[in-house]
Amino acid sequence: MSKSNHREVARSAPFQLAARVGLVAYGVVHLLVAWVCVQVALGDVDGGGVGKADKTGALQNLAENPGGGFVLWLIAVGLGFAVLWQLLEACTGARNSRKDKLLRAMNFGEAVLFGYLAYSAAKLANGASAASTDQAQLGLIGSLLGKEWGKPVVIVIGLAIVVAGLFIAHHGWSRRFHEEQDFGTASRSTERVVIRLGQVGYVALGGVYAGAGVLVIVAAVQSQPQKATGLDVALKTLAAQPYGTVLLLAVAVGLAAFAIFTFFDARFRKVH
C-alpha cells in the first residue's frame, strides 16, 4: 500500500472514530492510575485491594469489577486502533525538519506504549494477573544482573528511562503537543485550558517515569532487581518519603490532568 493510500486510511471517518476512541481509552487508563495513586497515598494498599500502583495494576482493579472484562476488551480494541493511527502518522507525515522528526518519534513512541497497554488489557480481560508483568520484568533484570556485563547495561537502561521521562516532561512544558492539535472553531479559552492540562499532565507523567528510571539504576548499583519493577515501586517509594502523601496526591492530580487532556486530545488531534 502506498503512502497516499495509508494517508487515506488514516483520514477515513470510521478509522478516525476508532482511533480517537483509543485515545479516550488511554485517558481512562491514566484516570484509573490517578485513583490508585490516591489510594496508595491514603494507605489503602494491599489491605484495601490495591495491588500494583501502575497501569497494569489499575487495569487489574478494573477487571475485578462487574463488567470489567468487557470494558477491558473495549480498551484493548480502542488502543489497537490508536496504535495503527500513530504508526500511520509516523510513516506518512511530511516531516523533514528536526522538530518534525521529533514529532514523528513521539508518534512512534505513543504507538509502542498504546500497543503495550492494549496487550496488557487483552491479557487481563482473558484472566491473566497483573503480577505476571512483574515476574517477566524481574526475570529480565535479574538475568542481566547475573551477567558480568549486566550491571552497566541495566544502568544504561535506567538512564534511558530517565532521559525519556525528562523528554516527556519537556515535551509538555514546552507545549510541543500543541503542534499536533487543531482547535478549529473552538474557543480560545478551551484551547488555553487544554494547553494547561497538557503541561501539568505531561510534567507529572515524565516525572513518574524518570523516578522509575532512577530506581532501575539503584537496582543495578545495589544488585537488587526487585527494586526495578517500574511505576509500581516508584509510586510506593514516593509514598514512603517525608511528605510522601502530599507528593503522591500531587502526582495523582497531575495524572488526572493528563487523563482529561487526553480526552480533549482525542477531539483535537490533527490528521496529517
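## Helix α7 and G165

G165 is found in helix α7, which covers residues 150–173. In this predicted model, G165 has a relative accessible area of 0%; because the cut-off for a buried residue is under 20%, G165 counts as buried. Setting aside residues up to four places away in sequence, G165 touches G206, Y209 and A210. The C-alpha atoms of G165 and L205 are 7.4 Å apart in space, although the two residues are 40 apart in sequence.

Helix α7 has 24 residues. From its first C-alpha to its last it reaches 35 Å, close to the 34 Å expected at 1.5 Å a residue. Its buried residues are G150, V154, G158, V162, G165, I168, A169, H171 and G172. An α-helix has 3.6 residues a turn, so residues three or four places apart point the same way. Just after α7 comes R175, with a positive phi of about 65°.

## Helix α8 and A219

Helix α8 has 35 residues. The distance from its first C-alpha to its last is 51 Å, close to the 51 Å expected at 1.5 Å a residue. The helix is followed by S223, where phi is positive, near 55°.

A219 lies in α8. Is A219 buried or exposed? The residue is buried, at 0% relative accessibility. A219 and L145 are 74 residues apart along the chain, and 9.2 Å separates their C-alpha atoms.

## The nonpolar cores

The largest nonpolar core holds 51 residues, and within it C37, I75 and L79 touch the most other members. Six helices each supply at least two residues of this core: α2 (13–41), α3 (55–63), α4 (68–92), α5 (98–125), α8 (188–222) and α10 (244–268). Of these, α2 gives the most, with 13 residues.

Leaving aside neighbours within four places in sequence, L79 is in contact with G22, A25, Y26, F114, L117 and A118. Apart from the largest core lies another, of five residues, which include L144, L145, V154 and V216. V154 is also among the buried residues of α7.

## A nonpolar patch on the surface

Which residues form a nonpolar patch on the surface? F70, V71 and L74 do, and together they have about 290 Å² of accessible area. The place of F70 is in helix α4. F70 has a relative accessible area of 59%; because exposed means over 50%, F70 counts as exposed.

Helix α4 thus appears in two settings. It is one of the helices that supply at least two residues of the largest core, and it also holds F70, a member of the surface patch.

## The chain as a whole

The protein chain has 10 helices and zero strands. Read along the sequence, its pattern is α-α-α-α-α-α-α-α-α-α. Among contacts with a separation of 6 or more, 75% are between residues 24 or more positions apart.

The chain has 272 residues, and buried residues make up 46% of them. The area that the chain exposes is about 13,000 Å², of which carbon and sulfur atoms supply 66%.

Notes
Residues numbered from 1 in each chain as written. Predicted model: local features only at pLDDT ≥ 70, side-chain atom pairs only at ≥ 80, totals over all residues. Heavy atoms only, no water. Core = buried A, V, L, I, M, F, W, Y, C linked by side-chain atoms within 4.5 Å. Buried < 20%, exposed > 50% of the residue type's maximum accessible area, 1.4 Å probe, protein only. Helix = DSSP H or I, 4+ residues; strand = E, 2+ residues; numbered from the N terminus. Contact = heavy atoms within 4.5 Å. Expected span 1.5 Å × (residues − 1). Patch = residues over 30% accessible without salt bridge, like charges linked within 9 Å, V, L, I, M, F, W, Y side chains within 5 Å. Areas by Shrake-Rupley, 256 points an atom, 1.4 Å probe, with all protein chains shown as cover. Salt bridge = Lys/Arg side-chain N within 4 Å of Asp/Glu carboxyl O.
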